[in-house]
Amino acid sequence: MPEPSAARRTVLKGAALAGAGTALAACSPGAGNSGAGSPATPTAPVDLGAAAEVPVGGAKLYRENKLLISCPAAGRYKAFSAQCTHAGCVLDKIEDGEGNCPCHGSRFDVNTGAVLKGPATDPLPEVPVKAQGGRLVAG
Ligand code: FES
């Protein structure tokens with residue numbers, strides 16, 4: 001079998017490098033899960049939909065809005081930024097009353113925003129929220 005030409009080797013090498021560049025871009029800060037680069041809290045009021053979607057005594061993540069809403073008692077709501085104060089990842093789930101950061105494992109109290117487990121050291125910023133006509137509006 002003949003050796004591939006130098007030109008073909010160059011093309012293959014270029015394709016391999018392009019593939020590596022794609023992989024690196026997917027992991028860079030600002031892409032994927034990290035919310036870095038956009039505000040941690042809404043700059044204008046955000047309609048989150050039906051208030052009934054947040055369980056009494058529980059909480060719900062609105063990842064697309066980077067918000068965490070908890071309902072400590074019927075008709076009472078608290079809202080926090082869902083952007084981790086460590087390096088800016090958006091929380092991915094709520095377990096046992098704790099919001100979880102998928103990047104380095106920080107955990108936050110869904111009713112106070114307090115850090116329960118590091119590496120984050122600062123609490124989640126609180127955001128004003130109210131229920132209007134059965135809908136939640138935050139920010
Ligand atoms: S970004 Fe959340 S723990 Fe590091």
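Colleague: Before we get to the hairpins, when do two strands pair here, and what is a strand in the first place?

Modeller: Two strands pair if DSSP finds at least two bridges between them, and strands themselves are DSSP runs of E with at least two residues, while helices are runs of H or I with at least four residues, numbered from the N terminus. This is a predicted model, in which local features need pLDDT of at least 70 and side-chain atom pairs count only at pLDDT 80 or more, whereas totals for chains, interfaces and linings use all residues. Residues are numbered from 1 along each chain as its sequence is written.

Colleague: OK, how many helices and strands are in the protein chain?

Modeller: The protein chain has one helix and eleven strands, and along the sequence the helix is followed by the strands, in the pattern α-β-β-β-β-β-β-β-β-β-β-β.

Colleague: Which residue in the turn between β10 and β11 has a positive phi?

Modeller: That is Gly133, with a phi of about 55°, in a hairpin that has two residues between β10 and β11. Strand β10 covers residues 129-132 and strand β11 residues 135-138, and they pair in the antiparallel sense over four bridges, with Lys130 having Val137 of β11 as its bridge partner.

Colleague: And what does β3 pair with?

Modeller: Strand β3 (residues 67-73) pairs in the antiparallel sense with β2 (residues 58-62) over five bridges, and β3 also pairs in the antiparallel sense with β4 (residues 76-81), again over five bridges. On the β2 side, Lys60 stands opposite Ile69, and the hairpin there has four residues between the strands, with Lys66 at a positive phi near 55°. On the β4 side, Ala73 has Arg76 as its bridge partner, and the hairpin has two residues between the strands, with Gly75 at a positive phi near 80°.

Colleague: What about Ala74, buried or exposed?

Modeller: Ala74, which lies in the loop between β3 and β4, is exposed because 7 other C-beta atoms lie within 10 Å; a residue counts as exposed at 12 or fewer such atoms, as buried at 20 or more and as partly exposed in between, with C-beta atoms placed from the backbone. Its C-alpha is 8.7 Å from that of Pro55, 19 residues apart in sequence.

Colleague: Switching to the protein chain, what share of its residues is buried?

Modeller: Of the 139 residues, 25% count as buried. As for contacts, meaning C-beta atoms, placed from the backbone, within 7 Å, residues 24 or more positions apart account for 43% of those with a separation of 6 or more.

Technical notes
Contact = placed C-beta atoms within 7 Å.
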